[in-house]
Amino acid sequence: MRASSTGVQAANGVTNRRSNVTVTDVEPSNATTEEKVKATPPLQKKYRHVAAVHAQSRPSCLSHDAQANPSFLGFRNLMVIVLDGQAGPSEEDKKKFHSTWVLVAWAHGINITLGLAITTLVVYFKIFHPLIGTLTEMHAVVVWLKTASYAFTNRDLRHAYLHPVKGELVPELYASCPYPKNITMGNLVYFWWAPTLVYQPVYPRTDKIRWIFVIKRLGEVFCLSVFIWFATAQYATPVLINSLEKIASLDIPSILERLLKLSTISLVIWLAGFFALFQSFLNALAEVLRFGDRSFYDDWWNSESLGAYWRTWNKPVYTYFKRHVYMPMVGRGWSPKAASLSVFFMSAVLHEILVGVPTHNIIGVAFLGMFMQLPLIALTAPLEKRRMGQGGKLIGNIIFWVSFTVLGQPFAALMYFYAWQAKYGSLSRKMGA
């Protein structure tokens, strides 16, 4: 019975032997459909509908366990076809992107402003140590500036990603971490700690960390901090205390005398603080993070005018306002004078927050001291174009140092110290008695 059955099957040209060969095994991989049909064995031509097309376990070609990485040449060709000759996004694209950005901008603005406002209220009403209050308020301002930079930068990167414009390219440095690959927690945390206020997806990096360099810089921070504390307690504070009664009685000659006495020690303290922060601390932080660009300041001590000083002494703040305030305003049609006015107004507000809030005396001296730099810059700007002898632009540099050492730091310190003492110190107790 089994033999006859086998004979019948053989007569019909069919066999019970199972073949391990599948349709995809015998088809040439790069052939046309007609060529694939010709390459199929006769038996599989007759029983095409029963061919075992799913005969083995295989991963998708885009899966991480695929044996070979697929080529994306076709997508590149598609991008060339779609984007070639494109002058920019359509008006509809612009309106859609702008409407989305307005909502995102409001969300970012409310978020960072609430953070700064809450911190400011806590410092003003709960923290009564000026140093602790200043450090806390400074951290809040830095976070506010950094978050705004993060939002603005990614806004432009997203626009370039969605609506590329021919001839307008993002910096080549960003190619190693293009948008949206930069939107990660690690990238954000690095920017949070980086010694800069300006966000970039990628920064220049050094090869290694020089721990001896870090230890030396931290040692400088410690020694200079001790020196600042000692100089303040032994020299600056007595002069300030002796000035209280003179200010209260409006004894102008005595006030000027105290101001001149205070100018020397305040300058020494300020220079020590500048070196401790910009040279020692920021370099130590940059070394730990392998942050390559360490141009935190230029030779501001050679400034020929006040404008040159503000461009060179604190480059993280200068580059921030230039990138996110001045250049965008000029690019939108505002005049350079209006853009400069906006920059100094914002800077003056931040200075008042950093000084007035920790001392619990928002008296406007820091604001006016910063905002009134504009007319002084305009007066000293012509001196940058004149060279007086081998020493460079001598007159402008002398004017800068006189205004800086006498009318700047000492006067502000005198006013806020008097306001603090009148509110909380010995002067307030005398008035109360």
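These are my notebook entries on one predicted model, kept in the order I looked things up.

**Entry 1: the whole chain**

I started with the overall make-up and found 17 helices and zero strands. Of the 433 residues in the chain, 33% are buried. I then looked at the contacts with a separation of 6 or more, and residues 24 or more positions apart account for 69% of them. The chain exposes about 27800 Å², and carbon and sulfur atoms supply 65% of that area.

**Entry 2: the cores**

Next I asked which residues have the most contacts inside the largest nonpolar core. They are Trp270, Trp300, Tyr309, Trp310 and Trp313, in a core of 26 residues. Two or more residues come from each of H8, H10, helix H11 (306-312), H13 and helix H16 (394-424). H10 gives the most to this core, with seven residues.

I picked out Tyr309 for a further look. Leaving aside residues up to four places away in sequence, Tyr309 touches Trp270, Trp300, Ser303, Phe400 and Phe404. Apart from this core lies another, of 19 residues, and I noted Val141, Val198, Val325 and Met329 among them.

**Entry 3: helix H8**

Which residues of H8 (185-193) are buried? I found Asn187, Tyr190 and Phe191. They sit on the same side of H8 because the arc they cover around the axis is only 95°. As a reminder to myself, an α-helix has 3.6 residues a turn, so residues three or four places apart point the same way. On the face of H8 turned away from the buried side I found Met185, Gly186 and Trp193, which are exposed. The cover over the buried residues of H8 includes helix H7 (130-162) and helix H10 (252-289).

**Entry 4: the cis bond and Arg158**

Just before H8 in my reading, I checked the loop between H7 and H8, where Pro180 lies. Tyr179 and Pro180 are joined by a cis peptide bond, with omega about 5°. For context, most peptide bonds are trans.

Arg158, in helix H7, brought me back to this loop. Its C-alpha is 7.5 Å from that of Pro180, with the two positions 22 residues apart in sequence terms. Arg158 is also in contact with Tyr179 and with Phe97, once its neighbours within four places in sequence are left aside. I have Arg158 down as partly exposed because its relative accessibility is 38%.

**Entry 5: helix H6**

I looked at two residues here. Leu114 is in helix H6 (91-126), and at 48% relative accessibility it counts as partly exposed. Leu114 and Trp144 are 30 residues apart in sequence, and their C-alpha atoms are 9.6 Å apart in space.

Is Thr120, also found in H6, buried or exposed? At 18% relative accessibility, Thr120 counts as buried. A polar atom of the Thr120 side chain lies 2.7 Å from the backbone oxygen of Leu116. Not counting residues up to four places away in sequence, Thr120 touches Glu137, Ile353 and Val357.

**Entry 6: helix H13**

One of those partners, Ile353, is among the buried residues of H13. The others buried in H13 are Ala339, Val343, Phe344, Ser347, Ala348, Leu350, Glu352 and Gly356. I checked the span of H13 (336-356) too: its 21 residues reach 29 Å from the first C-alpha to the last, close to the 30 Å expected at 1.5 Å a residue.

**Entry 7: Lys315**

Where does Lys315 sit? I found it in helix H12 (315-331). Lys315 counts as buried because its relative accessible area is 18%, and buried means under 20%. The Lys315 side chain makes a polar contact with the side chain of Asp298, at 3.3 Å. Beyond residues up to four places away in sequence, Lys315 touches Ser295, Phe296, Tyr297 and Asp298.

**Entry 8: positive phi**

Last, I looked at backbone angles. Most residues other than glycine have a negative phi. Arg290 has a positive phi, near 55°, and lies in the loop between H10 and H11. Its relative accessible area is 28%, so I have Arg290 as partly exposed.

His360 also has a positive phi, near 60°. I found His360 in the loop between H13 and helix H14 (365-371). At 1% relative accessibility, His360 counts as buried.

Definitions and conventions
Residues are numbered from 1 along each chain as its sequence is written. This is a predicted model: local features need pLDDT of at least 70, side-chain atom pairs count only at pLDDT 80 or more; totals for chains, interfaces and linings use all residues. Side-chain values use heavy atoms; hydrogens and water are left out. Buried means under 20% relative accessible area, exposed over 50%, partly exposed in between (1.4 Å probe, protein chains only). Helices (H or I, at least four residues) and strands (E, at least two) are DSSP runs, numbered from the N terminus. The arc is that of the directions from the helix axis to the C-beta atoms. Contact means heavy atoms within 4.5 Å. A polar contact is a pair of N or O atoms within 3.5 Å; within protein, one must be able to donate a hydrogen and the other to accept it, and residues adjacent in sequence count only if both atoms are side-chain atoms. The expected span of a helix is 1.5 Å times one less than its number of residues. A nonpolar core is a set of buried Ala, Val, Leu, Ile, Met, Phe, Trp, Tyr and Cys residues joined through side-chain atoms within 4.5 Å. Accessible areas come from the Shrake-Rupley method with a 1.4 Å probe; for residues, only the protein chains shown count as cover.
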